[in-house]
Structures are given as structure tokens and as C-alpha cells.
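Grab a pencil and work through these exercises with the model open beside you. Each task comes with a step-by-step solution.

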Amino acid sequence: MLYSIYITSRSGSLLYQKDFKTVNSPITKQRSNDYLVIASTLHGVHAIASKLTPPDAVHNYQKAKTLANSNRTGLREISTSRFKIFMNQTVTGIKIIVFASPDMDEARFAAIYDKIYEHYCNYVLKNPFYQLDMPIRCQLFDTHLNSVVAGCNV
Amino acid sequence: MSKIASGYDPAVGPRTTGTTTVIRPRSSIYDRNLHRARHDISVSSLSFLFMEMVSMNLNQAKSLIELERKLNNLGYSIGTKVLELASLRENFNNNLTSSGKSNVSKREIKVLDILHFITSVIWPSLFEKPADNLEKSSESNCQYMIIDNAPVLMKYISVPKEYEGLNCEAFVAGIVEGILDSTFFKCEVSAHTVPVEGHLGRTVYLINFDEELIARETQ
Amino acid sequence: MSKQIKQLGDDVWKTKVEKVNSELFTLTYGSIVAQLCRDFNNNYEEVNAQTYKMGYNIGVRLIDEFLQKTQLSRCSSFRDTAEIVSKVGFKMFLNIVPNITNWTSDMTTFSLILTENPLADFVELPDDGKAVKELWYSNILCGVLRGALEMVQLDCEVGFISDVLRGDETTELRVRLVQVLKDEIPAGEE
């Protein structure tokens, strides 16, 4: 089950956030300011994880990873008893963060991530009314993310 | 200075004086075949170009009406070229398949014929699909409508609330207007989004012909 | 390496790209350039700057689609960058593969020779004697490259040095790596 999607910019500001109306979602509604804090915190922790990774570990890590050639050393997953947080970063530094049920694994997240990234490329970046690094408000993008979530939550 | 004697030397034959600059002929498009193999590109390239074209004009225009007019103008100049290309090719193909036909270029002179040509020949040449419908207005004799359920150029574009009423397809309306004007069907064309179930981007290109023109036709 | 890159470009083009014939693209660009020539009173320097800027705005966005479709990561050398730009980038967006040539000995500058150019089909430059000397008709391409490379922290200078539209024998585009913007590489992507 997929609960929420966040997208952050290269500098860690929140471009997109949506909690989906998933049955039994453990995610509670936050004040809008708190979403910004969550986003920038995750952005920070991701960077710290990258900094902490010993250089000689990078090689093995690379071998093991299932995601596209990106996010080599940053944070990738956080687990709680009720939900998991997955994140991946594009080579250009955009982060796509997904809150999901504990049964979600990295391989399935990889597929979801790729779909979200593709929709971002199409329905956000090809829209003349969207300005880079600004919050995303594109109706077609919403529609397509909804269908990604629906496909995942059947 | 070289010591080449001037005048013709039969032992050597003709030669240049050595100082003439070589004039490189500029290759001209007129030397090239119009009927060459088609070249495919990614739809994305077209989408990005259209994105930036709208975005640039959006920044320059003072009002949405001005923006639509600019897009319309950009399309218009394309329309005047497109018709000639398409009809040349069409006739060329006809002549290839039915050698009995004459080589005389055919030109549509009836409103319905030219509109049909636009929806069934021009549309595929630009968008890889025919237009979905061609309708005559029930309200006015002078109005016709070309309908596209999912315009290619709008595929990825959501128009935000603050630009409500703006239709970027004014560009394609301009193309249609350019085509019709260049064949002496004087008209104005505007684009309107008229969504139906399953086709949220459905666009109607409303063509308003000059009254005199319609009168001429019904004579 | 070069062979694998070519294979990747061909695969992406075949399996991941929705295609359209180039006609509307060519005509649209022509219409834009004509409009700019009018707006700037045939001041071609201005027109060049404007098409470059348009290209830049496209490049900084198009790079994400490039990365998403190719699943490529950062290049290990500028030589690879050149190969990928030509055999994957140009291939997947314009379905052409420019030749890479004229490397400088320090391997920071190369040329792309465009034997085909979908932007310039059916194009003749204005016959005012000035355009053939001043207008770089396809300058938008330079902007696209500049913008796209900048997003992966390659600070490059890109410009045309010849164009068959001007009567030159080839259409040649020069790319020079100024610096790698190391500090701007996002954490986790190094």
C-alpha cells in the first residue's frame, strides 16, 4: 500500500506532497508547515548518510543496489512498525520519497519511483506554466500519480 | 608572382590563372527533392519546443489575448507553407499510384472539400492521426468545427486556474487559418477546450468563414 | 565502450521513444526564428542569444527525461560524455547521430558534425547578405546542450563554428568543458 508521495528539489525544498486516501493509512494529516519540515529533514538525513558512508564501502554498496544508477550513498529507507519510507534521488538531485506499508520492498519501490519520475518528466517539465524549483501544481500530474497509487493499492 | 605566360598554350591545354577564388555554390533547398523519405523524431522534442515557445510568449505578452494572438500568428505562417507541401505530395502520390491521371495539381475550391482535406490529409501529416470530427454549426451557415479529442501538443500541458480560458491550441487554430487564407477561404479560426467524458483535452477549432464567401458558394 | 553506447542509444530510440515525423517540429522552429528576426529587426546577434536562451530553458528540463529513459549515471570521462551526447542524446531526441571529431589534445574540447539537421530542413537564410554571416540558425541546440550538461555539473561552452546554411561545407558545433562543478553535485551522487 502506498500512503504518501513527496518530491523535493535539489536544495531540499518541498515541491510536491500528497497524502492519499488509502484505507487504514497510519499517516495522519499534518499542518502544511510540518510537511516542509519533514521534507527538509529527510533531505538532511539523506546527505548525512552519504557523508558517513566509508569510501571503500561504496563499491560493495553499488553492486548490491537494485535501483537505477543513482543515489549511491544517500539514505534509502526508513522503517517503523507501521510504515516504511523509501527515497531515491535522480542524478539531477530531485528526490522522490514514498511512504508505504511495511510489506513494500525496494524492488517494488524501484518500479514506482521510475513511474513517478517519468510522469514528472512529462507532466511537470513539459508544462510551460511550470517554473523550475517551484511547487508543482499540474492537474495532469495529479491525475497520473493517482493512477500510480491506484495501481499499487488494489 | 608566378611566371606562367599568359595566353593559351596548346602543349598544356586550358588552365586557370591561379588567382581565381573558388566560388562554392550555396546548396539551395530548391535543388532538393520535396518527396524525400520522412524523418522521425521524438514527440518529446516537439513537446519541449512547444513548451518553450508558449513559455517565451507568455513572458512577453501583456495579456492572455495578446498571447493567443501571438500563438495564432506563429501558426498562421506555418499554415501557409503546409498546404503547399501537402498538396504537392498528395498529387505526387496520386500520380504514382494511378499513372492514367493527369499531372495537373488539384486545388480544392469548395469549403467542405478543403476542410475535408485539412482533417484527413494535413492533420495526419502534422500529428500522425486524422482529426476526429468535422461538423457544421447548426447556428450559423458560416461556422464549421474541426474536432480533435486529444491534441498532440497539449498532451502534457495542464493550464492552471489563473490562466483559465487560455487555449494554447490557438497555435493550431493559426495553422488552420493560414491554410484557409492562403487558398482564399477568408476566415477566422479560434480554439476552444470542450471536454467530454474520457477526453478532457478535447478541442474544437471554430472556423468562422467570411459571409461573402459562403454566399459565393451557395449561388 | 563506444559500441555499448551506440547500442543503448538505438535501444532507447526503438523501445522507449514515441515518434512523430519531423515536419511540424521543423516548421514550428522556423516560425519561431522568423518571429524573432522580425521582433529584433534582423539583429541576428539578438536572435542568436534568444534561441540559445530558449535552448537552455529546454536543456535544463530535458536532461531528466534523458536520465529517466537511459538510466545512465554520471560519466567517468568527458570522452564518454561526448559519445553519450551524440549516440544517445541526439539519437533519442532527434534521431540523428552527429560525428565526434576534432578533439583538442587536452581532451576538453570536441566537435559534433551534423550531417543531418531536422531543425534546418527546408530552410534558407534571409537574403540580406547579413544573415549568412551573423545568424546561427540552429543555435537552440547549443543552448540545449549547455543547459542539459550544466544540470549534471558539467560547465561547458557550446557554439557553432560552421553551418551548411551559410554555405559552409559542414555544420559543426564545438563543445568545451570549462570545469566540473564538483561542489554542486548532489549528496549521494558523487
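**Exercise 1. Find what joins β4(A) to β5(A), and check the turn.**

Step 1: β4(A) and β5(A) make a hairpin, with five residues between them. In the turn, A:G93 has a positive phi of about 100°. Helices and strands here are DSSP runs (H or I, at least four residues, for helices; E, at least two, for strands), numbered from the N terminus.

Before going on, keep in mind that this is a predicted model: local features need pLDDT of at least 70, side-chain atom pairs count only at pLDDT 80 or more, and totals for chains, interfaces and linings use all residues. Residues are numbered from 1 along each chain as its sequence is written, while chains are lettered from A and ligands numbered from 1 in the order in which they are written.

Step 2: Look at the pairing (two strands pair if DSSP finds at least two bridges between them). β4 (residues 84-89) of chain A runs antiparallel to β5(A), joined by six bridges. A:N88 sits opposite A:I96.

**Exercise 2. Work out what else pairs with β5(A), and how covered its faces are.**

Step 1: β1 (residues 2-8) of chain A also pairs with β5(A), antiparallel and over six bridges. Here A:S4 faces A:F99.

Step 2: Now for burial. A residue is buried if 20 or more other C-beta atoms lie within 10 Å of its own, exposed if 12 or fewer, and partly exposed in between, with C-beta atoms placed from the backbone. In β5 (residues 95-100) of chain A, six of six residues are buried.

Step 3: Sort them by side. A:K95, A:I97 and A:F99 are on one face, A:I96, A:V98 and A:A100 on the other, and both faces are covered. In a regular strand, side chains alternate between the two faces of the sheet.

**Exercise 3. Describe the side of chain B that touches chain C.**

Step 1: Count contacts (C-beta atoms, placed from the backbone, within 7 Å). That gives 28 residues of chain B in contact with 32 residues of chain C.

Step 2: Assign elements. β1 (40-42), α1 (43-60), α2 (64-97) and α3 (111-127) of chain B each supply at least two residues, and α1(B) gives the most, with 11.

Step 3: Finish with the strands. β1(B) and β1 (residues 19-21) of chain C run antiparallel, joined by three bridges. B:I41 stands opposite C:V20.

Technical notes
Contact = placed C-beta atoms within 7 Å.
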